[in-house]
Amino acid sequence: MEILRISDGIDYLGTISVVFVAYLFVLRLLAAISIVKSVESMGKMLYVTALLPVVLIVMIWIRALTLPGSTKGMLYFVSADFRRFADPQLWIEASFQTFITLGPGWGGLMMMGAHNKFRTNCFQSSVISTSATLTFGLLNGLVVFSVLGVMSEEINVPIPDLMTSGGFSIGFIAYPKALSYFPLPQLWCAIFYLVLLLPGLDAMAILTEPLLMIFEEMFPKMLNNRRIPLLTVVSVVMFLAGLPFATQAGVYMFLLVDWYTGTWSVMLICMAECIVFAWIYGSHRIDRDVRLMLHRPLPAIIRLSTAFLMPVFLACLLLISIFTYKPPSFGEYTYPVYARTIGWCFTFSSLLPALGYCVWVTMKAKGPLKQRLRHLTRRTTQWIPANEKAAVIYRDSENSADFTWKQLFWFNLTGRGGININDCGDSLPML
């Protein structure tokens, strides 16, 4: 609490911390340097930001295991209360955390995937990255609770009483306090904050790159070979937008933004993506595209999940989360009504541009409204494979790709009756 210099509420900005501003400037500068050459320089950064935290967290874990109470903390972490699985709030929080951890719906994954070679095994990459994220999450949980166990043993307080607020308080208050019971506490706290810093730097770079790509593709002539000036302008704007977080009310602003921006809007975007890919573009076309790239059909679990399971699951979670909505809070502090209103504006800010664009292209199209909607929900002819031979087969196969709703439903359900590409796999070059 002393380090954060928290004010009495979001209404009281207090003073701006020069140290925090310096930190923000350095982080924004490092993020800009890491993407100055797009994914070419970003890939080198990821080797550090992805692997070094694992090494550091293992160092903290090894040190915790040498102290009394660490085993008690880990046992508390792995002991599950199965009655909680019937609580819908548990699934809502887990889903929100999944969106934040794995990154679907944010644009970063699509951006990095767009730079892959034509025959990159995206299925293998997704399984490896998801498994690695899950493993590191479990490891991180073991480390956090082993340290909390040490603190519990030291001050003779039960572990549940150390997690009164959860989430933010565990990371920035309870955990550093627990590390203070280690020998050389300054060293371990420095390592801990470095663990938090590197993934944050990683996220800053990955979320900035899609914005740059959007501007570069919208204005190709104006921004051709002008990436550094564009990156400079975007970085300066983001730096200025982050200055309020360096005030004494910054922690309240951070929690407000985190509460509203990474929840309902991302869930709606992911649900819309499932519907668009499975029912508008069509799983049968995705199956054809996968066979052109990887010489294998679309896995059944992906087809069924995209078409049926995820839209229904996300819709149910969205409705439950709305009806069980609770305003954000920080400890005993509750946000005023105007702050929650601003939070809802953050939620809709990521949705309104897409909705506004849909309205704009609908009004710009010609013909009756029904005809406009039918035309706008069809695939674009500009969407073709990067491989020339695959592009020829792709265009030819489009003659038989206009499925009825009944045919598309049957394919989504069974995987049968897809697009025939005449066993073209052997004729495609291995890139």
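## An exposed helix end

Phenylalanine 323 counts as exposed because its relative accessibility is 73%; exposed means over 50% relative accessible area, buried means under 20%, and partly exposed lies in between, with a 1.4 Å probe and protein chains only. Phenylalanine 323 is found in helix α12, which covers residues 300–323. Its C-alpha atom is separated by 33 Å from that of proline 210, and the two residues are 113 apart along the chain.

## Basis of the model

This is a predicted model, in which local features need pLDDT of at least 70 and side-chain atom pairs count only at pLDDT 80 or more, while totals for chains, interfaces and linings use all residues. Residues are numbered from 1 along each chain as its sequence is written, and side-chain values use heavy atoms, with hydrogens and water left out.

## Overall fold

The protein chain has 17 helices and 2 strands. Helices (H or I, at least four residues) and strands (E, at least two) are DSSP runs, numbered from the N terminus. The C-alpha trace spans about 70 × 45 × 45 Å along its principal axes. The radius of gyration of the protein chain is 25 Å, which agrees with the value near 22 Å for a compact globule of 431 residues; the radius is taken over C-alpha atoms, and the globule rule is 2.2 Å times the number of residues to the power 0.38.

Of the contacts in the protein chain with a separation of 6 or more, 77% are between residues 24 or more positions apart. Contact means heavy atoms within 4.5 Å.

## Surface and charge

Buried residues make up 37% of the 431 residues in the protein chain. The chain exposes about 25,500 Å², and carbon and sulfur atoms supply 69% of this area. Accessible areas come from the Shrake-Rupley method with a 1.4 Å probe; for residues, only the protein chains shown count as cover.

There are 32 positive and 25 negative charges in the protein chain, and their mean positions are 10 Å apart. Lys and Arg count as positive and Asp and Glu as negative, whereas His and the chain ends are not counted. The place of a charge is taken as NZ of Lys, CZ of Arg, CG of Asp or CD of Glu.

## Helix α8

Helix α8 covers residues 185–218 and contains threonine 208. Threonine 208 counts as buried because its relative accessibility is 2%. Leaving aside neighbours within four places in sequence, threonine 208 is in contact with Arg28, Ile35, Val234 and Met238. For one of these partners, valine 234, the C-alpha atom is separated by 8.3 Å from that of threonine 208, with the two positions 26 residues apart along the chain counted as their distance apart.

Aspartate 202 is also placed in helix α8. UniProt places the feature "binding site" at Asp202, in an unreviewed entry; UniProt positions are given in the numbering used here, feature names are shortened, and annotations may be inferred rather than shown by experiment. Aspartate 202 counts as buried at 14% relative accessibility. Not counting residues up to four places away in sequence, aspartate 202 touches Met45, Leu46 and Thr49.

## Buried positions in α11, α13 and α17

Glycine 282 is in helix α11, residues 264–294, and counts as buried at 0% relative accessibility. Apart from neighbours within four places in sequence, glycine 282 is in contact with Val276, Phe277 and Leu408. The C-alpha atoms of glycine 282 and arginine 303 are separated by 10.0 Å, and these residues are 21 apart along the chain.

Asparagine 412 lies in helix α17, residues 405–414. With 0% relative accessibility, asparagine 412 counts as buried. Its contacts, not counting residues up to four places away in sequence, are Ala278, Trp279, Ser283, Arg303, Leu304, Ala307 and Phe308. Threonine 347, in helix α13 (residues 337–349), is buried, with a relative accessible area of 2%. Beyond residues up to four places away in sequence, threonine 347 touches Tyr260, Trp264 and Ser265.

## Two loop asparagines

Asparagine 156 lies in the loop between α6 (122–155) and α7 (168–179). Its phi is near 60°, a positive value in a residue other than glycine. Asparagine 156 is exposed, with a relative accessible area of 70%.

Asparagine 225 lies in the loop between α8 and α9 (227–242). Asparagine 225 has a positive phi of about 60° although it is not a glycine, and is exposed at a relative accessible area of 75%.
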